[in-house]
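Let's take a walk through this model, beginning with the ligand and then moving out to where the chains meet. Keep the 3D view open as you read.

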Amino acid sequence: MDVRVDRDRCLGAGMCALTAPRVFDQDEEEGLVVLLDARPPEERRAAVRVAAGVCPASVITLTEHGSSPAA
Amino acid sequence: MQNVPSTRPENAETVKTGETTEPGAPVTLPTQRAAGCPFDPPAGLAELREERPLARMTYPDGHVGWLATGHSTVRAIMGDSRFSSRYELLHYPFPGGPEGPLPSAPVGDMTGMDAPEHTRFRRILTGKFTVRRMRQLSDRVAEITEERLDAMERGGPGVDLVEAFARPLPALMICELLGVPYADRERFQGHAHTIMSMDVTPEDRYAAFVGLQEYMAELVAAKRAAPSDDLLGDLARDSDLTDEELVGIGGFLLAAGLDTTANMIAHGTFALLTEPAQADALRADPDLAPQAVEELMRYLTIAHTSVKSALVDVELDGLLVRAGESVTLSLEAANRDPERFPDPDVLDLHRKATGHLGFGHGIHQCLGQQLARVELTVALPALLRRFPTLRLDVPAEEVPLRTDMSIYGVHRLPVTWDEA
Ligand code: HEM
Ligand code: SF4
């Protein structure tokens with residue numbers, strides 16, 4: 001799974017950092033999303049899919065690769 | 001909301017009436033909760049959601065727009081930039097609004113702006129409300145919580161939980177965060193309450209708004225002169241906000257922080273006291289708190305209604321929403337949609353309620369949600385654990401409900417407990 005974020009459209013609502021804290025953080029000044037791990041390991045992918053789904057600005061995009069079932 | 005003359009956005013080009021494929025007759029917004037069901041959305045919303053999740057709706061001013069009740073529909077509209085939040089484009093869904101669209105949003109009221117104006121304000125503030133920053137406040141929240149519980153124990157048994165606990169905690173926290181002296185609360189609490197009331201006259205609301213502005217203007221002048229180490233002090237020192245913008249934002253944040261979490265604490269406690277098994281589950285397992293808070297947010301949806309206006313013709317669920325038409329979003333109906341949440345009318349603290357719309361969705365999703373989460377996660381279990389025998393002191397039917405407020409909840413919650 002490849003994870004991408006679009007900081008330009010991020011609102012800093014923090015749903016990502018709340019849902020998948022090992023993969024997303026927020027920077028200190030602007031509170032915008034910071035991607036900690038663009039290729040999260042298997043055990044974190046479910047949380048990442050939830051985060052992408054709840055992000056209020058839909059700025060998290062996932063590219064699933066063959067090995068794991070697509071969400 | 002400010003009491004200025006409104007400009008009507010509809011012109012001949014955007015208004016085309018009578019063309020819709022929605023089959024039913026226009027409805028009016030259901031607002032009456034069934035007797036004995038203080039936690040359920042107004043009667044009639046469930047039927048609408050099932051049959052017509054996007055229905056034609058007649059507004060009290062005569063405008064014919066829409067009412068959205070289905071979770072996917074409401075969520076889609078909140079996330080769609082073709083729908084505007086500008087007040088001057090919106091028709092008020094509750095009785096007592098102006099004839100025609102609302103007056104435009106006062107300076108600093110972010111909920112009434114679209115991008116890019118909204119983006120500018122949001123960007124200035126998001127860094128102050130991150131998950132991490134709010135978690136750093138947990139210890140302070142826990143401290144205040146214990147102080148209030150001590151005071152309650154000394155004064156009780158038999159208190160109004162709203163006055164004794166639910167209101168002071170969020171008020172103290174938002175005051176500390178913003179740098180507003182809590183001792184001044186007589187000067188702003190009443191105004192904030194009036195602004196949030198749905199059944200006050202526009203004149204009274206305007207007067208309250210002016211009162212809050214006057215208070216904030218004094219405070220902002222003081223912060224400019226000597227910036228303190230708090231949110232308003234930071235903004236006074238570092239941001240490019242004008243005095244007027246700073247006053248507007250400060251008043252808005254203060255009002256938003258005072259009434260919302262307070263109602264979640266009080267109404268959440270009311271719900272838990274009527275479902276003792278759920279309360280016991282939370283008492284027994286503190287780790288359940290974060291999830292329990294999400295479920296209470298979903299189940300109670302105290303910020304029950306939002307409104308948007310279509311900027312262009314939009315096709316949605318096979319229906320055509322025309323430019324200029326208002327769409328009322330029933331967040332409370334959406335959060336009880338069985339398509340999204342199985343057995344939606346059951347309060348189940350163990351369910352995964354992620355994806356609820358209790359804090360909204362899209363670019364206006366609640367800025368203060370991480371603060372609210374910290375407050376609720378700390379306050380609710382602490383209250384239950386301190387008073388294992390906590391119970392209502394009046395029959396549930398006698399608890400006065402905030403059916404007259406844009407934030408639902410209870411006006412008072414008389415509770416008691418056995419002395420240890
Ligand atoms: C449990 C408590 C709370 C609830 C249920 C709640 C609910 C909401 C909802 C539903 C919205 C979106 C409104 C819409 O799109 O129509 C919102 C926006 C907002 N809330 Fe909250 N809120 C809560 C606590 C707070 C707190 C503590 C603050 C403190 C600062 C706050 C500040 C804001 C602000 C500034 C906005 C506007 C954001 C924007 O327009 O970008 N809220 N809130
Ligand atoms: S959830 Fe979305 S909008 Fe919120 S901080 Fe994360 S990326 Fe940004």
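For the residue classes used here, Ala, Val, Leu, Ile, Met, Phe, Trp, Tyr, Cys and Pro count as nonpolar, Asp, Glu, Lys and Arg as charged, and the others, Gly among them, as polar. Sorted that way, the shell around ligand 1 comes out at 16 nonpolar, 10 polar and 2 charged residues. Bear in mind that what you're looking at is a predicted model.

So who is in that shell? There are 28 residues around ligand 1, and the closest are His118(B), Arg122(B), Ser306(B), His364(B) and Cys366(B). Zoom in on Cys366(B) to begin with: its SG is the single protein donor to the iron atom of ligand 1, at 2.3 Å. If you trace the backbone there, you'll find Cys366(B) in the loop between helix 14 (331-334) and helix 15 (369-386) of chain B.

Three of the other close residues reach oxygen atoms of ligand 1 with their side chains. Ser306(B) puts a side-chain N or O atom 2.6 Å from a ligand oxygen. For His364(B), the corresponding distance to an oxygen atom of ligand 1 is 2.7 Å. Arg122(B) has a polar side-chain atom 2.8 Å from an oxygen atom of the ligand. Stepping back to the secondary structure, helix 3 (117-126), helix 11 (243-274) and strand 5 (305-310) of chain B are the elements that give two or more residues to this shell. Helix 11 of chain B gives the most, with 7 residues.

Now swing over to the place where the two chains meet. Here 24 residues of chain A are in contact with 19 residues of chain B. Together the chains bury about 1,700 Å², with 46% of that on carbon and sulfur atoms. On the chain A side, Leu11(A), Leu18(A) and Glu28(A) lose the most area to chain B, and together they make up 33% of what that side buries.

What about the polar side of things? Between chain A and chain B there are 12 residue pairs in polar contact, counting pairs with both residues at pLDDT 80 or more. Helix 1 (15-19), strand 2 (24-26) and helix 2 (42-54) of chain A each supply at least two residues to the side of chain A that touches chain B. By class, that side of chain A divides into 11 nonpolar, 5 polar and 8 charged residues.

The search also turns up 2 salt bridges between chain A and chain B, out of 35 over all chains in the whole structure. Follow Arg132(B) and you'll meet Asp25(A), with N to O at 2.3 Å in a side-chain salt bridge. Arg132(B) also forms a salt bridge with Glu28(A), where the closest N and O atoms are 2.9 Å apart. That pair crosses from helix 4 (residues 131-136) of chain B, home of Arg132(B), to the loop between strand 2 and strand 3 (33-35) of chain A, where Glu28(A) sits.

Before you close the viewer, have a look at some backbone details. The peptide bond from Ala115(B) to Pro116(B) is cis, with omega near 5 degrees, and Pro116(B) lies in the loop between strand 3 (83-84) and helix 3 of chain B. Another cis bond runs from Gly156(B) to Pro157(B), with omega near -5 degrees. Pro157(B) is in the loop between helix 5 (138-155) and strand 4 (159-160) of chain B. Over in chain A, Ser58(A) has a phi near 50 degrees, a positive value in a residue other than glycine. You'll find Ser58(A) in the loop between helix 2 and strand 4 (60-63) of chain A.

Key
Residues are numbered from 1 along each chain as its sequence is written. Chains are lettered from A and ligands numbered from 1 in the order in which they are written. This is a predicted model: local features need pLDDT of at least 70, side-chain atom pairs count only at pLDDT 80 or more; totals for chains, interfaces and linings use all residues. Side-chain values use heavy atoms; hydrogens and water are left out. Contact means heavy atoms within 4.5 Å. Buried area is the accessible area (1.4 Å probe) that two parts lose on being put together, summed over both. A salt bridge is a side-chain nitrogen of Lys or Arg within 4 Å of a carboxyl oxygen of Asp or Glu. A polar contact is a pair of N or O atoms within 3.5 Å; within protein, one must be able to donate a hydrogen and the other to accept it, and residues adjacent in sequence count only if both atoms are side-chain atoms. Helices (H or I, at least four residues) and strands (E, at least two) are DSSP runs, numbered from the N terminus. A residue is near a molecule or strand if one of its heavy atoms lies within 4 Å of it. Donors are N, O and S atoms within 2.8 Å of the metal (3.2 Å for Na, K and Ca); water is not among the atoms, so sites may look incomplete.
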